[in-house]
Amino acid sequence: MRFFQFLILPFLLLVGCKKYNDNTSEETTSVLSYVNPFIGTGYHGHTFPGATTPNALVQLSPDTRLKGWDACGGYHYSDSSIIGFSHTHLSGTGIADLGDILIMPFTGEAKLNMGSAENPDEGYRSRFTHENEMATPGYYQVDLEDYDIKAELTASSRAGFHQYTFPEAEKAGIILDLTPTLANHNNPKHIINIVSDTEISGLKYTKGWAREHYVYFYAKFEKPFTHQIYSGNNKVVSDNFEGKNAKAVLTFSTKNNEAVKVKVGISSVDIAGAKKNLEAEINHWEFDQTKLEAEKAWLEKMALIDIKGKDEKQKEIFYTSMYHAFIAPMTFSDVDKRHRTIDGKIAEGESYTVFSLWDTFRAFHPLMTIIEPTQNQAYIRSLLQKYDEGGILPKWELWGNYTGTMTGYHSVPVIVDAYMKGQRDFDVEKAFEAMLKASRFDSTYNFVYHDEIIKEKVMPMAKYYNDQLGYIPSDLENESVSKALEFAYNDFCIAQMAKELGKEDIHKEYLERSKRYTQYFDKKTGYMRGKLSTGGWREPFDPRYSRHRKDDYTEGNAFQWSWFVPHDVEGLTELVGGEKLMEEKLDTLFLTSSELAGEHASADITGMVGQYAHGNEPSHHISYLYNYIGAQSKTQYMVDYLLQNHYQATPEGIIGNEDCGQMSAWFILSSMGFYQVSPGTTTYAIGRPLFDEVNINLENGKVFTVRAQNNSKENKYIEKMMLDGKELTTPFIQHQDIMDGKTLEFVMTNEPQDGKKLI
């Protein structure tokens, strides 16, 4: 732990006094009271409210639904019944998976099926209300109304701890069901072993978004049970079962207010690993001790940034954003460092999983280069580990699997951004080799894939066309414009690192590739457009048109994607026709109608301001582009608008999929007053500081401070800005300014200083 944390943690435990959520009177005496895990569990945020610790393998959380887009986190705030509590969840993704090893307590006769939301009485699920539910970092509690059971959950990194307080019941018990999986993915193999009358172990093997998904478990009960294993609704005679649709009904009687405790360790490796994880991390039956240890782990993360301001709701949003930013990537190695590799072997070495790189390269990883650079470099080493194991850098890695999901090769900016900032605790030459392989098409590459769909996603023909033709024809490749723009940006990052490494030929080659975005700009319409193999434009064209994952733009339209040239804003400005026209086009983006064209427009286009869509990542840098054309007051206005209106301290408070910390990282950086438009460089664009003072406690022992005088909701514009007392004349700072622990000061006002008002 860093020295400053030894100083600040006792203070954090003594300050603040605030309700965890609006539905409970319980108060706490720590900064954790500002964290509300229910934020993002409504609308399409897709977060979960359950118990977890920072970057943990276990996310022990209630499941209220398994099917549909809003089941991605397992829980939706609009639901009124709980199926059970499973041990693995994704945070804010747009695709569902996990939801493994579900446990549900009950009283009376055991029901073997989960039942339905429409009729919970058909199965073992139970009704609940939000008035009798609460969540804090590392802890979740709910009353299961149908059974009069109080359920409490906490967790360590690799184990979940359940505590169920029962009424007096002659017949009571716990069902352990391996069948439920988010998105109802195929479960071809289950194993359940009754080890003793207090121990049960097994395996859940799933072929879902992660094609080879192994979750081994080892569970210990404080209270002895009698047992019956089932396959579907059929009794299994043996105490050991291998097959499908496995569940175990574990029964006992209870006294009134008797607490029944269950501990569950999990592993991707084997049952022995799950047992070792449990025994290493929770070797006792003190539920409150594990809860306190989880809280301490979260306090360490909250201590990285200290904020001061008058708006309590903004503090709640900020610290909840910090909470969401530390859920993924997730620990994937066991306590003995064993993990399951991309190629299905068991190896030793620290490993992480859940890399939502299409999202997180934009703000999450840049944030980590500031507040946790050592951890971010561990993520990069894990990406290179997966390159060694599987033959290529991941695009979207999940539980030791290449999924091939999304576009681009965004391991590249994560690596280059760290490298350019002097954070190089990884094999640099291997990283450069891996980036080159990720950028090029080669049908002879030997990489791991579990089916032809994933093979094509990992090695798309878009790379072939980009290599051979110098552009990607829209009639030959889906989402050609988005892929081309992302390739150009990724190639710029490679060019930057090549230059630093003295690889001049590669630098020149990739710098040329980074300029290929110019081919897609249609000067007549003023938008990036699909270019046909015959050389013409795809017709008809409407910049508002979207057909989800089946047009020229990934989860968006021409209005949103025409701005994705973060590495060459000057070049884009020239392409558009100069600063005046660039400013007018940006104004149009934000002020035009939000109406979309097309019957199958992407559901990811949310949080709209005009045609800008804050609920999806391709728009996230756009409000900062005004800074590059002398209209920084419009950046200040738009950043303020997004901070004030698109993040709320409610379950519906995240305007789109949270995406493994990216939506939260945008808020964290932007609320502090700056944002990195082009990861892979070292420049941050100034926006609008939301808080009166921010102190970032750096790993090097220094503190970077941001102060805002005359700060208020009305005073959203910057009158003056100074860095260590020297006036800044351009709205940019450098990464080294932050690492040197300088002080960035703002004087705020209610009028734009450049005379430019968006509204």
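Select Ser593 to begin: in this predicted model its relative accessibility is 38%, so Ser593 counts as partly exposed, a label that covers values between 20% and 50%. The residue sits in the loop that runs between helix H16 (579-591) and strand S32 (608-609). If you show what surrounds it, leaving aside neighbours within four places in sequence, you will find Ser593 in contact with Arg544, Gly610 and Gln611. For a sense of distance, add Leu66 to the selection: Ser593 and Leu66 are 527 residues apart in sequence, and their C-alpha atoms are 35 Å apart in space.

**The whole chain**

Zoom out next and colour by secondary structure, where the chain comes to 19 helices and 41 strands. The radius of gyration is 26 Å, close to the 27 Å that the globule rule gives for 759 residues, so the chain is as compact as a globular protein of that length. Along its principal axes, the C-alpha trace spans about 80 × 60 × 50 Å. Buried residues make up 67% of the 759 residues. If you turn to contacts between residues at least 6 apart in sequence, 67% of these join residues at least 24 apart.

With a surface displayed, the accessible area comes to about 25,500 Å², and 47% of this belongs to carbon and sulfur atoms. Colouring by charge brings up 77 positive and 104 negative side chains, with the centres of the two sets lying 2 Å apart.

**Glu295, within a helix**

Select Glu295, which has its place in helix H3 (residues 287-302). Is this residue buried or exposed? Its relative accessible area is 15%, so Glu295 is buried, the cut-off for that label being under 20%. When residues up to four places away in sequence are not counted, Glu295 touches Leu32 and Pro137, and it is worth displaying both side chains alongside it.

**Gly349 and Thr405, in loops**

Move on to Gly349, in the loop between strand S25 (346-348) and strand S26 (352-353). Beyond its neighbours within four places in sequence, Gly349 is in contact with Ser333, Lys337, His339 and Gln385. Of these contacts, Ser333 is one to pick for a distance: the C-alpha atoms of Gly349 and Ser333, 16 residues apart along the chain, are separated by 7.2 Å.

Thr405 comes next, found in the loop between strand S29 (401-402) and helix H8 (411-420). At 8% relative accessibility, Thr405 counts as buried, and its contacts, again leaving aside neighbours within four places in sequence, are Ile95, Trp209, Lys395 and Trp396. Lys503 lies 98 residues from Thr405 along the chain, and the C-alpha atoms of this pair are separated by 31 Å.

**Backbone geometry to inspect**

Most residues other than glycine have a negative phi, and most peptide bonds are trans. With that in mind, show the backbone atoms at the four places that follow.

- The peptide bond from Ala328 to Pro329 is cis, with omega near -5°, and Pro329 has its place in the loop between helix H4 (312-325) and strand S23 (330-331).
- Glu539 and Pro540 are also joined by a cis peptide bond, here with omega about -10°; Pro540 belongs to the loop between strand S31 (527-528) and helix H14 (558-561).
- Ile101 is not a glycine, yet its phi is positive, near 60°. You will find Ile101 in the loop between strand S6 (84-86) and strand S7 (102-107), where it is buried, with a relative accessible area of 0%.
- Asn184 likewise has a positive phi, of about 55°, although it is not a glycine. Its loop runs between strand S13 (169-177) and strand S14 (186-196), and at 44% relative accessibility Asn184 counts as partly exposed.

**Cysteines, to finish**

A disulfide is a covalent bond between the sulfur atoms of two cysteines. How many disulfides does the structure hold? The number is zero. Select Cys72 and Cys660 together: Cys72 is in no disulfide, and the sulfur of Cys660, which is the nearest cysteine sulfur to it, is 11 Å away. Since a disulfide would need the pair of sulfur atoms to lie within 2.5 Å, that separation leaves Cys72 unpaired. Cys72 counts as buried, at 1% relative accessibility. Cys493 makes the last stop, and this residue is buried too, with a relative accessible area of 0%.

Key. Residues are numbered from 1 along each chain as its sequence is written. This is a predicted model: local features need pLDDT of at least 70, side-chain atom pairs count only at pLDDT 80 or more; totals for chains, interfaces and linings use all residues. Side-chain values use heavy atoms; hydrogens and water are left out. Buried means under 20% relative accessible area, exposed over 50%, partly exposed in between (1.4 Å probe, protein chains only). Helices (H or I, at least four residues) and strands (E, at least two) are DSSP runs, numbered from the N terminus. The radius of gyration is taken over C-alpha atoms; the globule rule is 2.2 Å times the number of residues to the power 0.38. Contact means heavy atoms within 4.5 Å. Accessible areas come from the Shrake-Rupley method with a 1.4 Å probe; for residues, only the protein chains shown count as cover. Lys and Arg count as positive and Asp and Glu as negative; His and the chain ends are not counted. The place of a charge is taken as NZ of Lys, CZ of Arg, CG of Asp or CD of Glu.
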